[in-house]
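Colleague: I want to learn how each label is earned. May I ask you to set every value against its definition?

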Amino acid sequence: MTATTPRPGSVRSGRPVRTRSGRVSFLVRPRTAAVTGALVAAIAAVFAALLMLGEYEITLPRVAAALAGQGERLDLFFVRDVRLPRAWVAVLVGASLGVAGAVFQSLSRNPLGSPDIIGFTGGAATGAVLTILVFGGSMLQVSLGAVAGGVATAGLVYLLAMKNGVQGYRLILVGIGISAMLTSVRDYLITRADLTDAKAAQVWMIGSLNARGWTEVIAVAVCMAVLLPPLLAMGPRLRLMEMGEQTAHALGVPVQRTQAVALLAASALTGAAIAVAGPISFIALAAPQLARRLLRSTGTTLFGAALMGALLLVTADLVAQHALSPAQLPVGAVTAVIGGSYLVWLLYREWRTGRA
Amino acid sequence: MPEPSRLWGENLTLAYDQSVISRDLGISIPDNSFTVIVGPNACGKSTLLRALSRMLKPQSGAVHLDGRLISSYPSKEVARRLGLLPQSSIAPDGITVADLVARGRYPHQKLLRQWSGSDEAVITESMEATGVADLADRMVDELSGGQRQRVWLAMVLAQQTPLLLLDEPTTYLDIAHQMDVLDLCAELHHERDYTLVAVLHDLNQACRYATHLIVMKDGAVVAEGAPSEIVTAGLVEKVFGLPVRVVPDPETGTPMIVAVDRRGTITRRARGTEEPTGAQEAQDEAQDDAVLEKPRSA
């Protein structure tokens with residue numbers, strides 16, 4: 001290792017972008033720009049495929065025409081009323097789960113700290129199943145039941161795990177315990193239910209995008225519009241908190257408040273996603289890790305996790321709808337396979353090349 | 001009542017939940033001093049540092065920073081006035097030295113102003129001040145313990161605070177790297193007019209480097225002042241329960257603490273023989289042992 005005088009500019013890992021007044025300035029890493037662009041392009045491609053494919057296939061020019069409000073009535077119906085809202089639900093729910101997962105993992109400083117593992121998803125599922133079986137719920141009731149169950153569980157886990165701030169492993173252990181209890185509760189409820197209700201509950205619990213329309217799109221979009229900006233603004237603070245609470249505090253991060261607000265916002269985002277699509281597994285767990293590795297970032301990347309979550313879910317939906325057609329799989333069954341294999345492959349490659 | 005300075009606290013009662021560490025503690029960090037806090041394990045040194053940096057809210061009493069209650073500042077404002085190097089920090093996986101040091105700029109950045117021209121200059125300067133500029137592109141995980149500690153120091157320097165609190169900055173370092181870090185601190189204090197507060201374990205290092213020494217026991221300040229004025233064998237014995245002799249450091253003339261030789265007396269004490277109560281007695285015992293020419297216990 002020869003000592004060299006530092007090259008000018010060697011202290012930064014990207015290209016600074018500034019307005020002339022200096023009021024706005026950012027550092028843009030080339031890799032971040034490239035990966036973000038690639039993710040957006042991939043989402044757009046799969047999105048287009050979702051609009052084209054189906055029992056009634058529509059070519060790309062006709063899809064474009066239909067989006068603009070022109071073309072045959074059947075084209076308009078399939079593109080605008082059936083496929084477009086469903087694709088948007090996939091994008092928004094995927095992005096929500098990705099961001100929420102990234103926040104939970106960052107706060108618990110543990111890749112296992114996703115809402116699937118720490119009991120949030122289980123709580124939402126239990127809330128929904130309870131609503132289906134006890135109140136015979138409508139879609140709206142089930143959604144509210146899921147959100148209530150999720151938030152109640154998250155609150156319980158948080159209270160039980162909290163002592164001088166949140167400790168990652170405690171959050172995960174308590175979450176696993178509560179999850180296990182909730183699973184038994186659900187199993188019990190389902191064994192007591194009659195067959196039709198039990199089947200409806202079972203389908204809901206896997207997570208599905210079947211027959212989702214504009215109501216669901218608007219619901220998730222509103223939640224994201226409210227919750228995403230404050231969460232994205234919290235990104236730098238979350239990255240500092242990953243260096244340890246004391247270090248973050250010393251750098252001027254209000255640690256406890258950031259934890260509480262981030263946890264609340266991420267819980268609400270997960271709740272909204274689950275309410276609309278059911279407890280789709282694995283996206284919240286895999287998307288942040290995948291994004292982080294692709295971006296080679298040195299901390300949580302909320303925006304990257306959002307894009308990756310969206311890409312995973314639209315891809316999963318494409319596979320769920322068309323891989324075994326005419327049979328349609330629930331999308332939750334596919335996400336685990338796609339996200340899981342990709343994550344295993346990435347980790348495997350990293351370990352083989354000596355990184356990680 | 002402690003003398004007001006840039007950083008001081010009065011009537012501090014410091015506690016974690018129900019266990020009280022310090023009661024009614026008054027403390028003042030003299031401006032432009034290199035203050036070192038020493039004391040036995042669990043005497044409340046780190047707790048005091050946490051209170052001074054607003055990490056721990058006192059149950060009663062108040063810490064004042066630059067003429068105002070420290071609790072009245074926004075978090076980032078405190079971080080622009082007072083830097084803290086905690087005992088342990090977690091370096092993110094795969095981060096480079098320059099990127100880690102850049103994180104020290106956080107208190108100066110805004111949501112839309114994340115990388116101003118001055119950020120870059122300060123980061124370069126901080127790395128040069130701690131001698132890690134050559135390592136700018138290296139991964140932090142690949143560095144030695146001593147280099148890593150310098151990088152963390154550079155990160156704290158990048159905060160550009162006139163006050164620096166260091167919680168055991170030499171732990172886990174070998175002797176050469178310990179002196180390295182301390183020399184660096186002395187330089188920062190001397191040439192860049194930092195007010196430094198460090199918790200140290202090694203009394204001889206504390207006496208050599210401190211311009212102001214604070215000796216703590218059971219959460220209270222037992223003595224404070226210039227090391228050469230306050231450090232005596234009696235003080236050390238009272239605070240640490242260890243019989244010692246104090247001699248001048250052959251290099252600097254500052255007090256140097258040498259433990260009294262008690263080999264052979266430990267087992268005798270454990271068997272229930274009367275415990276030595278004073279340095280003199282222990283010294284006598286040590287001499288007895290020397291006369292008896294006891295074999296060295298392995």
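Colleague: Where in chain B is confidence lowest, and where is it highest?

Modeller: The low point is helix H11(B), residues 279–292, with a mean of 44. The high point is strand E3(B), residues 34–38, at 96. Those scores are pLDDT, the predictor's confidence in each residue, from 0 to 100. Helices (H or I, at least four residues) and strands (E, at least two) are DSSP runs, numbered from the N terminus. This is a predicted model: local features need pLDDT of at least 70, side-chain atom pairs count only at pLDDT 80 or more, and totals for chains, interfaces and linings use all residues. Residues count from 1 along each chain as its sequence is written, chains are lettered from A and ligands numbered from 1 in the order in which they are written, and side-chain values use heavy atoms, with hydrogens and water left out.

Colleague: Over which residues of chain B is the pLDDT below 50?

Modeller: Residues 273–298 of chain B. Beyond near neighbours in sequence, this stretch has 29 contacts in the model. A contact means heavy atoms within 4.5 Å. Where pLDDT is low, the predicted coordinates should not be read in detail.

Colleague: What do the averages say for each chain?

Modeller: Chain B averages a pLDDT of 86, and 89% of its residues score at least 70. Chain A averages 84, with 93% of its residues at 70 or above. In chain A, residues 1–9 fall below 50; that stretch has ten contacts beyond near neighbours in sequence. The model scores ipTM 0.81 and pTM 0.84.

Colleague: How do you know how many residues chain B and chain A each bring to the contact?

Modeller: Apply the contact rule. It takes 45 residues from chain B and 39 from chain A. The two chains bury about 3300 Å² between them, 57% of it on carbon and sulfur atoms. Buried area is the accessible area (1.4 Å probe) that two parts lose on being put together, summed over both. In chain B, Arg103(B), Tyr106(B) and Trp115(B) lose the most area to chain A, together 21% of what that side buries.

Colleague: How many salt bridges and polar contacts cross between chain B and chain A?

Modeller: The rule finds zero salt bridges there. A salt bridge is a side-chain nitrogen of Lys or Arg within 4 Å of a carboxyl oxygen of Asp or Glu. Seven residue pairs are in polar contact, both at pLDDT 80 or more. That term means a pair of N or O atoms within 3.5 Å; within protein, one must be able to donate a hydrogen and the other to accept it, and residues adjacent in sequence count only if both atoms are side-chain atoms. On the side of chain B that touches chain A, H4(B) gives the most, with six residues.

Colleague: Why is the pair Asp317(A) and Arg86(A) called a salt bridge?

Modeller: Their side chains meet at 2.7 Å, N to O. The limit is 4 Å, so the pair passes. Asp317(A) sits in helix H13(A), residues 302–322, and Arg86(A) in helix H3(A), residues 73–108; they are 231 residues apart. Over all chains the count is twelve salt bridges.

Colleague: Why are E9(B) and E10(B) said to pair?

Modeller: Two strands pair if DSSP finds at least two bridges between them. E9(B) (212–217) and E10(B) (220–225) are joined by five bridges, so they qualify; they run antiparallel. Ile214(B) stands opposite Glu224(B) in E10(B). Two residues lie between the strands of this hairpin, where Asp218(B) takes a positive phi near 45°. Asp218(B) is not a glycine.

Colleague: What about E11(B) and E12(B)?

Modeller: E11(B) (244–248) and E12(B) (255–259) pair antiparallel over five bridges. Pro248(B) has Pro255(B) as its bridge partner. Here six residues lie between the strands, and Gly253(B) has a positive phi near 80°.

Colleague: What makes E2(B) and E5(B) edge strands?

Modeller: Each pairs on one side only. They belong to an open sheet of four strands in chain B, ordered E2-E1-E4-E5, with antiparallel pairing. E4(B) and E5(B) share two bridges, which meets the minimum. Leu65(B) stands opposite Arg68(B) there.
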